[in-house]
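Subject: Handing over the structure, with notes

Dear colleague,

I am passing this structure on to you, and I would be glad if you looked through it with the notes below at hand.

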Amino acid sequence: MSNPEQLIADFESRMAESQRKAERMVGEIEAVSVSERSKDGQIGVKVDHAGNLVDLEIGPSVRDKPDLAGEILRTVKAAQSKLAAAMRVGVTDPVGPEVMNQLVNRLEQAFPAPEPEGFVPPPASPRNDGDRFVPEEERQAAPAPKPAPPRAPRPSSDDGHDDDYFSDGDYLR
(Lines give C-alpha, C1' and ligand atoms only; values in the text may rest on other atoms or scores of the structure.)
Protein backbone atom coordinates (compact mmCIF):
# COMPACT_ATOMS: atom_id res chain seq x y z
CA MET A 1 0.00 0.00 0.00
CA SER A 2 1.20 3.53 -0.76
CA ASN A 3 2.04 6.21 1.69
CA PRO A 4 -1.03 8.50 2.26
CA GLU A 5 1.13 11.62 2.34
CA GLN A 6 2.62 10.67 -1.03
CA LEU A 7 -0.88 10.12 -2.51
CA ILE A 8 -1.98 13.56 -1.33
CA ALA A 9 1.21 15.17 -2.66
CA ASP A 10 0.71 13.49 -6.07
CA PHE A 11 -2.92 14.60 -6.17
CA GLU A 12 -1.99 18.19 -5.29
CA SER A 13 0.74 18.15 -7.95
CA ARG A 14 -1.73 16.96 -10.62
CA MET A 15 -4.25 19.60 -9.54
CA ALA A 16 -1.62 22.35 -9.72
CA GLU A 17 -0.61 21.20 -13.22
CA SER A 18 -4.27 21.16 -14.33
CA GLN A 19 -4.71 24.67 -12.92
CA ARG A 20 -1.64 25.91 -14.85
CA LYS A 21 -2.96 24.33 -18.08
CA ALA A 22 -6.38 25.88 -17.58
CA GLU A 23 -4.88 29.32 -16.91
CA ARG A 24 -2.66 29.00 -19.99
CA MET A 25 -5.68 28.01 -22.10
CA VAL A 26 -7.71 30.96 -20.81
CA GLY A 27 -4.82 33.28 -21.67
CA GLU A 28 -4.61 31.83 -25.19
CA ILE A 29 -8.38 32.13 -25.66
CA GLU A 30 -8.37 35.75 -24.52
CA ALA A 31 -5.54 36.51 -26.93
CA VAL A 32 -7.55 35.34 -29.97
CA SER A 33 -8.90 38.13 -32.16
CA VAL A 34 -9.89 38.47 -35.80
CA SER A 35 -9.49 41.45 -38.10
CA GLU A 36 -11.50 41.91 -41.29
CA ARG A 37 -11.74 44.54 -44.02
CA SER A 38 -14.67 45.40 -46.24
CA LYS A 39 -14.53 44.53 -49.94
CA ASP A 40 -13.35 48.01 -50.88
CA GLY A 41 -10.84 48.03 -48.00
CA GLN A 42 -12.21 51.26 -46.56
CA ILE A 43 -13.68 49.72 -43.41
CA GLY A 44 -11.58 47.68 -41.00
CA VAL A 45 -12.83 45.94 -37.87
CA LYS A 46 -11.31 43.82 -35.13
CA VAL A 47 -13.29 41.51 -32.84
CA ASP A 48 -12.04 39.87 -29.67
CA HIS A 49 -12.37 36.23 -28.58
CA ALA A 50 -16.00 36.82 -27.56
CA GLY A 51 -16.99 38.48 -30.84
CA ASN A 52 -17.04 42.00 -29.41
CA LEU A 53 -15.99 44.86 -31.66
CA VAL A 54 -12.72 46.24 -30.24
CA ASP A 55 -11.42 48.31 -33.16
CA LEU A 56 -13.04 50.16 -36.05
CA GLU A 57 -11.37 52.02 -38.91
CA ILE A 58 -13.40 54.03 -41.43
CA GLY A 59 -11.67 55.35 -44.53
CA PRO A 60 -12.34 58.97 -45.55
CA SER A 61 -13.95 58.04 -48.87
CA VAL A 62 -16.81 56.08 -47.26
CA ARG A 63 -17.67 58.32 -44.30
CA ASP A 64 -20.61 59.88 -46.17
CA LYS A 65 -21.74 56.60 -47.71
CA PRO A 66 -25.49 56.11 -47.14
CA ASP A 67 -25.11 52.42 -46.22
CA LEU A 68 -22.09 52.88 -43.95
CA ALA A 69 -23.68 51.28 -40.91
CA GLY A 70 -24.79 48.23 -42.93
CA GLU A 71 -21.32 47.83 -44.42
CA ILE A 72 -19.76 48.03 -40.95
CA LEU A 73 -22.15 45.37 -39.64
CA ARG A 74 -21.46 43.06 -42.60
CA THR A 75 -17.72 43.41 -41.98
CA VAL A 76 -18.13 42.71 -38.24
CA LYS A 77 -20.22 39.61 -38.99
CA ALA A 78 -17.58 38.38 -41.44
CA ALA A 79 -14.91 38.79 -38.74
CA GLN A 80 -17.04 37.08 -36.10
CA SER A 81 -17.70 34.11 -38.39
CA LYS A 82 -13.94 33.45 -38.50
CA LEU A 83 -13.54 33.23 -34.72
CA ALA A 84 -14.02 29.45 -34.51
CA ALA A 85 -11.19 28.80 -36.97
CA ALA A 86 -8.98 31.37 -35.22
CA MET A 87 -9.67 29.67 -31.89
CA ARG A 88 -8.51 26.30 -33.25
CA VAL A 89 -5.26 27.90 -34.43
CA GLY A 90 -4.72 30.24 -31.46
CA VAL A 91 -5.25 27.78 -28.63
CA THR A 92 -2.31 25.41 -28.84
CA ASP A 93 -2.66 23.47 -25.60
CA PRO A 94 -6.32 22.88 -24.80
CA VAL A 95 -7.26 21.22 -21.54
CA GLY A 96 -8.92 18.50 -23.61
CA PRO A 97 -10.34 17.93 -27.08
CA GLU A 98 -13.89 17.92 -25.70
CA VAL A 99 -13.38 21.41 -24.27
CA MET A 100 -12.00 22.71 -27.57
CA ASN A 101 -14.79 21.10 -29.61
CA GLN A 102 -17.43 22.56 -27.32
CA LEU A 103 -15.84 26.02 -27.51
CA VAL A 104 -15.58 25.92 -31.30
CA ASN A 105 -19.16 24.59 -31.68
CA ARG A 106 -20.50 27.43 -29.52
CA LEU A 107 -18.63 30.00 -31.58
CA GLU A 108 -19.91 28.49 -34.83
CA GLN A 109 -23.48 28.60 -33.52
CA ALA A 110 -23.16 32.13 -32.15
CA PHE A 111 -21.44 33.54 -35.23
CA PRO A 112 -22.50 31.72 -38.41
CA ALA A 113 -21.08 32.69 -41.77
CA PRO A 114 -22.80 35.81 -43.13
CA GLU A 115 -25.22 35.52 -46.03
CA PRO A 116 -23.61 36.10 -49.42
CA GLU A 117 -23.88 39.65 -50.72
CA GLY A 118 -27.04 40.17 -52.69
CA PHE A 119 -28.85 37.39 -50.82
CA VAL A 120 -32.56 38.00 -50.48
CA PRO A 121 -34.40 35.86 -47.93
CA PRO A 122 -37.41 33.95 -49.26
CA PRO A 123 -40.80 35.55 -48.70
CA ALA A 124 -42.66 34.61 -45.56
CA SER A 125 -44.85 31.56 -45.96
CA PRO A 126 -48.58 32.18 -46.06
CA ARG A 127 -50.35 31.91 -42.74
CA ASN A 128 -53.10 29.64 -43.95
CA ASP A 129 -51.75 26.43 -45.46
CA GLY A 130 -54.99 26.09 -47.45
CA ASP A 131 -54.04 29.27 -49.31
CA ARG A 132 -50.54 28.09 -50.11
CA PHE A 133 -51.25 27.31 -53.78
CA VAL A 134 -53.81 30.04 -54.43
CA PRO A 135 -52.51 33.03 -56.43
CA GLU A 136 -52.08 36.24 -54.44
CA GLU A 137 -54.83 38.05 -56.43
CA GLU A 138 -57.39 35.39 -55.59
CA ARG A 139 -56.41 35.35 -51.90
CA GLN A 140 -56.99 39.07 -51.60
CA ALA A 141 -60.28 38.97 -53.55
CA ALA A 142 -61.76 35.94 -51.79
CA PRO A 143 -64.63 36.78 -49.44
CA ALA A 144 -64.29 35.92 -45.80
CA PRO A 145 -65.94 32.61 -44.88
CA LYS A 146 -69.28 32.84 -43.07
CA PRO A 147 -69.17 31.88 -39.42
CA ALA A 148 -70.79 28.59 -38.50
CA PRO A 149 -74.26 28.86 -36.95
CA PRO A 150 -74.33 28.45 -33.18
CA ARG A 151 -74.99 24.94 -31.96
CA ALA A 152 -78.09 24.14 -29.97
CA PRO A 153 -77.45 23.71 -26.25
CA ARG A 154 -77.22 20.17 -24.97
CA PRO A 155 -80.16 18.91 -23.01
CA SER A 156 -79.46 18.77 -19.33
CA SER A 157 -80.37 15.98 -17.01
CA ASP A 158 -82.95 17.00 -14.41
CA ASP A 159 -82.19 14.18 -12.03
CA GLY A 160 -78.68 15.55 -11.34
CA HIS A 161 -77.15 12.39 -12.71
CA ASP A 162 -74.80 13.20 -15.58
CA ASP A 163 -74.79 10.16 -17.77
CA ASP A 164 -73.77 11.56 -21.17
CA TYR A 165 -71.89 8.45 -22.06
CA PHE A 166 -73.70 5.19 -22.60
CA SER A 167 -77.06 6.74 -21.70
CA ASP A 168 -78.83 4.63 -24.27
CA GLY A 169 -76.68 1.60 -23.62
CA ASP A 170 -74.71 2.00 -26.84
CA TYR A 171 -71.32 3.59 -26.98
CA LEU A 172 -71.44 3.95 -30.80
CA ARG A 173 -73.92 6.76 -31.26
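What follows is a description of the chain, its sheet, its core and a few single residues.

Please keep in mind from the start that this is a predicted model. The protein chain has five helices and three strands, and from the N terminus on these elements follow one another in the order α-β-β-β-α-α-α-α. Of its 173 residues, 19% count as buried, and the accessible surface comes to about 13900 Å², with 55% of that belonging to carbon and sulfur atoms. If one takes the contacts between residues at least 6 apart in sequence, 49% of them join residues at least 24 apart.

The sheet

The three strands form an open sheet in the order 1-2-3, with antiparallel pairing. Its edges are strand 1 (34-37) and strand 3 (53-58), each of which pairs on one side only, and neighbouring strands are turned against each other by 10° on average, direction ignored. Helix 2 packs on this sheet, where it touches strand 1, strand 2 and strand 3, and the direction of helix 2 makes about 40° with that of strand 2.

Strand 1 and strand 2 run antiparallel and are joined by four bridges; in this pairing, valine 34 has valine 47 of strand 2 as its bridge partner. The hairpin that these two strands make has five residues between the strands, and glycine 41 takes a positive phi near 80° there. On the other side, strand 2 (residues 43-47) pairs with strand 3 over five bridges, again in the antiparallel sense. Here isoleucine 43 has isoleucine 58 as its bridge partner in strand 3, while valine 45 is matched in that strand with leucine 56. The hairpin of strand 2 and strand 3 also has five residues between the strands, and in this hairpin glycine 51 takes a positive phi near 90°.

In a regular strand, side chains alternate between the two faces of the sheet. Strand 1 shows such an alternation, since Val34 and Glu36 point to one face and are buried, whereas Ser35 and Arg37 point to the other face and are not buried.

The core

The largest nonpolar core has 20 residues, and those that touch the most other members are Ile43, Val47, Leu83, Met87, Val91 and Leu107. Two or more residues each come from helix 1 (4-31), strand 2, helix 2, helix 3 (83-90) and helix 4 (97-110), and the largest share, four residues, is given by helix 2. As a general background, nonpolar side chains in soluble globular proteins tend to be buried together.

Helix 3 may be worth following in the viewer, as its buried residues are Leu83, Ala84 and Met87. Seen down the axis of helix 3, these buried residues fall within an arc of 100°, and therefore they line one face of the helix. The cover over the buried residues of helix 3 includes helix 1, strand 1, strand 2, helix 2 and helix 4. For methionine 87 in particular, the residues touched, not counting those up to four places away in sequence, are Ile29, Val32, His49, Met100, Leu103 and Leu107.

Three single residues

Is valine 89, which lies in helix 3, buried or exposed? Valine 89 counts as exposed because its relative accessible area is 66%, and exposed here means over 50%. The C-alpha atoms of valine 89 and valine 32 are separated by 9.0 Å, although these residues are 57 apart along the chain.

The other two residues belong to helix 2. Threonine 75 lies in helix 2 (residues 68-80) and counts as buried because its relative accessibility is 3%, where the cut-off for buried is under 20%. Apart from its neighbours within four places in sequence, threonine 75 is in contact with Glu36, Arg37, Ser38, Ile43 and Val45. Glutamine 80 is also placed in helix 2, and at 14% relative accessibility glutamine 80 likewise counts as buried. With neighbours within four places in sequence again left aside, glutamine 80 is in contact with Val47, Gly51 and Phe111; among these, Gly51 is the glycine with the positive phi near 90° in the hairpin of strand 2 and strand 3.

With best regards

How values were computed
Residues are numbered from 1 along each chain as its sequence is written. This is a predicted model: local features need pLDDT of at least 70, side-chain atom pairs count only at pLDDT 80 or more; totals for chains, interfaces and linings use all residues. Side-chain values use heavy atoms; hydrogens and water are left out. Buried means under 20% relative accessible area, exposed over 50%, partly exposed in between (1.4 Å probe, protein chains only). Contact means heavy atoms within 4.5 Å. Accessible areas come from the Shrake-Rupley method with a 1.4 Å probe; for residues, only the protein chains shown count as cover. Two strands pair if DSSP finds at least two bridges between them. Axes are lines fitted to C-alpha atoms, for helices over the stretch in contact, and angles run from 0 to 180 degrees between N-to-C directions. A nonpolar core is a set of buried Ala, Val, Leu, Ile, Met, Phe, Trp, Tyr and Cys residues joined through side-chain atoms within 4.5 Å. The arc is that of the directions from the helix axis to the C-beta atoms.
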